Amino acid sequence: MKWLHSFATLGPFDYLDIFQAPSIDLATKVATLVRIAGHAHVEVWPATEWKAYRDLLRNLPAFEALTVATH
């Protein structure tokens with residue numbers, strides 16, 4: 001796991017920590033440990049960097065038709 005950012009928030013939660021993990025399984029394990037040891041509310045939100053997401057979409061057969069239709 002790699003810690004990336006920590007933010008104070010003005011909402012239902014006091015803070016937000018952003019980590020990068022090599023797998024969703026590892027992220028889930030760490031989130032569970034934080035919840036147990038830190039008595040914190042935790043959520044795991046898998047995210048894909050925009051460029052990688054766009055590259056994944058380019059491999060879809062219908063992506064070109066969707067791009068033309070929305071521009």
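Helices (H or I, at least four residues) and strands (E, at least two) are DSSP runs, numbered from the N terminus.

**Figure 1. Overall arrangement of the predicted model, with the elements in the order β-β-α-α-α from the N terminus.** The structure shown is a predicted model. Its chain contains three helices and two strands. Of the 71 residues, 4% count as buried. The accessible surface of the chain amounts to about 6,600 Å², and carbon and sulfur atoms contribute 64% of this area. Among the contacts in the chain with a separation of 6 or more, 14% join residues that are 24 or more positions apart.

**Figure 2. The hairpin formed by strand 1 and strand 2.** Strand 1 covers residues 2-8 and strand 2 covers residues 15-20. The two strands run antiparallel to each other and are paired over six bridges. Six residues separate strand 1 from strand 2 in the hairpin. K2 has Q20 of strand 2 as its bridge partner. A8 stands opposite Y15, which also belongs to strand 2.

**Figure 3. T9 in the loop between strand 1 and strand 2.** The relative accessible area of T9 is 28%. T9 is therefore partly exposed, since this class lies between the limits of under 20% for buried and over 50% for exposed. With residues up to four places away in sequence set aside, T9 touches D14, Y15 and L16. Of these contacts of T9, Y15 is the residue that A8 faces in strand 2.

**Figure 4. S6 of strand 1 and its contacts L16 and D17.** S6 has a relative accessibility of 43% and so counts as partly exposed. Apart from residues up to four places away in sequence, S6 touches L16 and D17. The C-alpha atoms of S6 and I18 lie 6.2 Å apart, although twelve residues separate the two positions in sequence.

**Figure 5. D17 in strand 2, with contacts that include S6.** D17 is partly exposed, at a relative accessible area of 31%. Its contacts, not counting residues up to four places away in sequence, are W3, H5 and S6. The last of these, S6, is a residue of strand 1. From D17 to V42 the C-alpha separation is 9.8 Å, across 25 residues of sequence.

**Figure 6. I18 in strand 2 and the residues that I18 contacts.** With a relative accessibility of 31%, I18 counts as partly exposed. Once neighbours within four places in sequence are left aside, I18 is in contact with K2, W3, L4, H5 and F7. One of these contacts, K2, is 16 residues from I18 along the chain, and the C-alpha atoms of the two are 8.7 Å apart. K2 is the bridge partner of Q20 in strand 2.

**Figure 7. The largest pocket, with a volume of about 1,200 Å³.** Its lining is made up of 29 residues, of which D17, I18, F19, E43 and W45 are the closest to the centre of the pocket. Strand 2 and helix 1 (24-38) are the elements that give two or more residues to the lining. The largest share of the lining, six residues, is supplied by strand 2. Two of the residues closest to the centre of the pocket, D17 and I18, appear in the preceding views. D17 has a relative accessible area of 31%, and I18 has a relative accessibility of 31%.

**Figure 8. The aromatic pair of W50 and Y53 in helix 2.** A pair of aromatic rings is described by the distance of the centres and the angle of the planes. The count of aromatic pairs comes to one. That pair consists of W50 and Y53, with 5.4 Å from centre to centre and 45° between the planes. The pair is therefore tilted, because planes under 30 degrees apart count as stacked and those over 60 as edge-to-face. W50 and Y53 both belong to helix 2 (residues 50-58), where they are three residues apart, about one turn of the helix. W50 counts as exposed, because its relative accessibility of 60% falls in the class of over 50%. Y53, in contrast, is partly exposed, with a relative accessible area of 36%.

Methods: Residues numbered from 1 in each chain as written. Predicted model: local features only at pLDDT ≥ 70, side-chain atom pairs only at ≥ 80, totals over all residues. Heavy atoms only, no water. Buried < 20%, exposed > 50% of the residue type's maximum accessible area, 1.4 Å probe, protein only. Contact = heavy atoms within 4.5 Å. Areas by Shrake-Rupley, 256 points an atom, 1.4 Å probe, with all protein chains shown as cover. Pairing = 2+ DSSP bridges. Phe/Tyr/Trp six-rings, centres within 6.5 Å; stacked < 30°, edge-to-face > 60°. 1 Å grid on protein atoms, 1.4 Å probe; cavity = no way out; pocket = protein on both sides within 12 Å on 5 of 7 lines; lining within 4 Å. Points joined across faces, edges and corners; volume = space filled by probe spheres on them.
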